[in-house]
Protein chains: 2
Amino acid sequence: MAVANDSPYDSSHMKSVILPAALKALLPPTLHARCEAGRFPRNDRIFLTGARPEWMFYVVSGEVTLERTGLQGEPVVLQRTRQGFVSEASLKSSKYHCDALAIVDTTVVKIPIRDLSAELDRDPAFASRWIGMLNGEVRRLRLHCERLSMKSVKDRVLHLIDTEGQNGSYTAATGLKSLAGELGVTHEALYRTLAALEKAHVIRRAEGVLSSVRP
Amino acid sequence: MAVANDSPYDSSHMKSVILPAALKALLPPTLHARCEAGRFPRNDRIFLTGARPEWMFYVVSGEVTLERTGLQGEPVVLQRTRQGFVSEASLKSSKYHCDALAIVDTTVVKIPIRDLSAELDRDPAFASRWIGMLNGEVRRLRLHCERLSMKSVKDRVLHLIDTEGQNGSYTAATGLKSLAGELGVTHEALYRTLAALEKAHVIRRAEGVLSSVRP
DNA sequence: CGTACTTTTGAATCGCATCAAATCTGGTGG
DNA sequence: CCACCAGATTTGATGCGATTCAAAAGTACG
């Protein structure tokens, strides 16, 4: 039969792909060949709430958001990923608990979950690396919660530069409007706060890079 | 020598302890005997930022907060645990990145990290269960972030009952003031919002239990 | 019974959301 | 090349909701 099939368990058109170094170091060689490349144009859904996870997605370039539908039907952003796994917590889930949306043109590496899971059970060293990755994710999420607990936009911005920035500089790769959503504030409030912080010589701004004046 | 020694690797006073069912099911039998009970009176620090992790703590009763020191020296609550692991993300860390504080009298089970880590490397099924536990933690944290992104106290309260409650009822075991901190709002705002929601027959309240009227 | 803490209500203030609108930007097609 | 459009960026005005400060009432505990 010549029907198109996107399942990872159809061996008829397996294609390996160049892996980012971080992913190559994490995954055992066995899995390297089973990874595939994926491309999603802006505004494409990568997966939907309720669907059965078959692939584990690793964002190589672009940006993906995880979204749930709020109580009033409005979309709420759970997470934003520019580099790294999406939905790593759905490894053992029978269905997704949120949507994944490519908010710009995005390329990913797809790993078949069945193989990934089997390999985690078989290879303790790999499982250990995977646990380390999840530990990092937990820490990052806790910092994000800490940031969202701050009452003023100013505090959130400074905390962001402090905790997510590289030696005093944070790069807002996908624009300030997107950053505002991540910080849980309106874009107007963020623009105003940045302007005020810049005028007060607390931060500097250039090409979407926010730098703390005194690191 | 008769010096007191709290290290898990001093075999002279090993004492096993009754484990909660959830913990017993997670840990391999090998580790059961190496667990110890711990008791921390209210306001005791369980560990400090910068210290080397030797024990993994599982809260059995009471309440523990993870705290970091904010930019202005004020303590910021990263997380609140009434039941489950504290600092599970520090499994492989050489030092803690926050303080743990018993905010009421608390009992914990302590597991020696060295043994825990060794067993994770040796027992793939255990590693798999551990990964499942971390996956749940990641999901819970994402929901917490989602909640903190909501602008009104009302939305946060309803979201809390929705996502953390048992069929429409959330139990604020350690008081509403503590809950306010978890929701990232002042206790005054929480009291007022709860009163308003109750008057509007959206929720009911009894003995620290918040119930959604229409589940 | 006094102390410490939580719960509750009141009043004033401030920061952010909201609505509105202007400018700027990059990209597309005539 | 210019007209045009969609989206990001920016500034302005207004109102609401939460913070803040204050104080009273309730509760647990020694």
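Me: Hi! Which side chains meet in a salt bridge at 2.8 Å, N to O?

Reply: Those are E146(B) and R68(A). Bear in mind that this is a predicted model.

Me: Where do E146(B) and R68(A) lie?

Reply: E146(B) is in helix α4 of chain B, while R68(A) is in strand β4 (residues 64–69) of chain A, so the pair joins two chains.

Me: And how many salt bridges are there over all chains?

Reply: A search of the whole structure turns up 24 of them.

Me: Let's stay with α4 of chain B. At what angle do the axes of α3 and α4 in chain B cross?

Reply: Helix α3 (residues 113–122) and helix α4 (residues 124–148) of chain B cross at roughly 110 degrees, and their axes come within 5 Å. The two helices are therefore roughly perpendicular to each other.

Me: Which residues make that contact?

Reply: From α3(B) there are L116(B), E119(B), L120(B) and R122(B). On the side of α4(B), the contact uses P124(B), F126(B), A127(B) and W130(B).

Me: How do they split by class?

Reply: Six are nonpolar and two are charged, with no polar residues in the contact of α3(B) with α4(B).

Me: Okay, over to the DNA. How many residues surround strand D, and which are the closest?

Reply: There are 17 residues around DNA strand D, and the closest are Y191(A), R192(A), V153(B), T186(B) and R192(B). Of the atoms of strand D that come within 4 Å of the protein, sugar and phosphate account for 48%.

Me: What does Y191(A) have 2.5 Å from a phosphate oxygen of strand D?

Reply: A polar side-chain atom of Y191(A) sits at that distance from the phosphate oxygen. T186(B) also places a polar side-chain atom by a phosphate oxygen of DNA strand D, at 2.8 Å. With V153(B), a polar backbone atom is 2.8 Å from a phosphate oxygen of the strand.

Me: Which elements give two or more residues to the surface near strand D?

Reply: In chain A they are α6 (176–183) and α7 (187–199), and in chain B it is α7 (187–199). The largest share comes from α7(A), with four residues.

Me: What's the class split on that surface?

Reply: The surface near DNA strand D has seven charged, five polar and five nonpolar residues.

Me: Now strand C. Which residues come nearest there?

Reply: Of the 17 residues around DNA strand C, the nearest are V153(A), T186(A), K177(B), Y191(B) and R192(B).

Me: Sugar and phosphate or bases: how do the atoms of strand C within 4 Å of the protein divide?

Reply: Sugar or phosphate holds 52% of those atoms, and the rest belong to bases.

Me: Which base atom of strand C does R192(B) approach?

Reply: A polar side-chain atom of R192(B) lies 2.8 Å from a base nitrogen of DNA strand C. Y191(B) has a side-chain N or O atom 2.5 Å from a phosphate oxygen, and L176(B) has a backbone N or O atom 3.2 Å from a phosphate oxygen.

Me: Which element gives the most to the surface near strand C?

Reply: That is α7(B), with four residues. By class, the surface near DNA strand C divides into five nonpolar, five polar and seven charged residues.

Me: Last one: how do α5 and α7 of chain A pack?

Reply: Helix α5 (residues 153–164) of chain A packs against α7(A) at an angle of about 75 degrees, with the axes 10 Å apart. That makes α5(A) roughly perpendicular to α7(A). In α5(A), V153(A), K154(A), V157(A) and L158(A) meet A189(A), L190(A), T193(A), L194(A) and L197(A) of α7(A).

Me: And what classes are those residues?

Reply: The contact of α5(A) with α7(A) has seven nonpolar residues, one polar and one charged.

Key
Residues are numbered from 1 along each chain as its sequence is written. Chains are lettered from A and ligands numbered from 1 in the order in which they are written. This is a predicted model: local features need pLDDT of at least 70, side-chain atom pairs count only at pLDDT 80 or more; totals for chains, interfaces and linings use all residues. Side-chain values use heavy atoms; hydrogens and water are left out. Axes are lines fitted to C-alpha atoms, for helices over the stretch in contact, and angles run from 0 to 180 degrees between N-to-C directions. Angles under 35 degrees count as roughly parallel, over 145 as roughly antiparallel, 65 to 115 as roughly perpendicular and the rest as oblique. Contact means heavy atoms within 4.5 Å. Ala, Val, Leu, Ile, Met, Phe, Trp, Tyr, Cys and Pro count as nonpolar, Asp, Glu, Lys and Arg as charged, and the others, Gly among them, as polar. A residue is near a molecule or strand if one of its heavy atoms lies within 4 Å of it. A polar contact is a pair of N or O atoms within 3.5 Å; within protein, one must be able to donate a hydrogen and the other to accept it, and residues adjacent in sequence count only if both atoms are side-chain atoms. A salt bridge is a side-chain nitrogen of Lys or Arg within 4 Å of a carboxyl oxygen of Asp or Glu.
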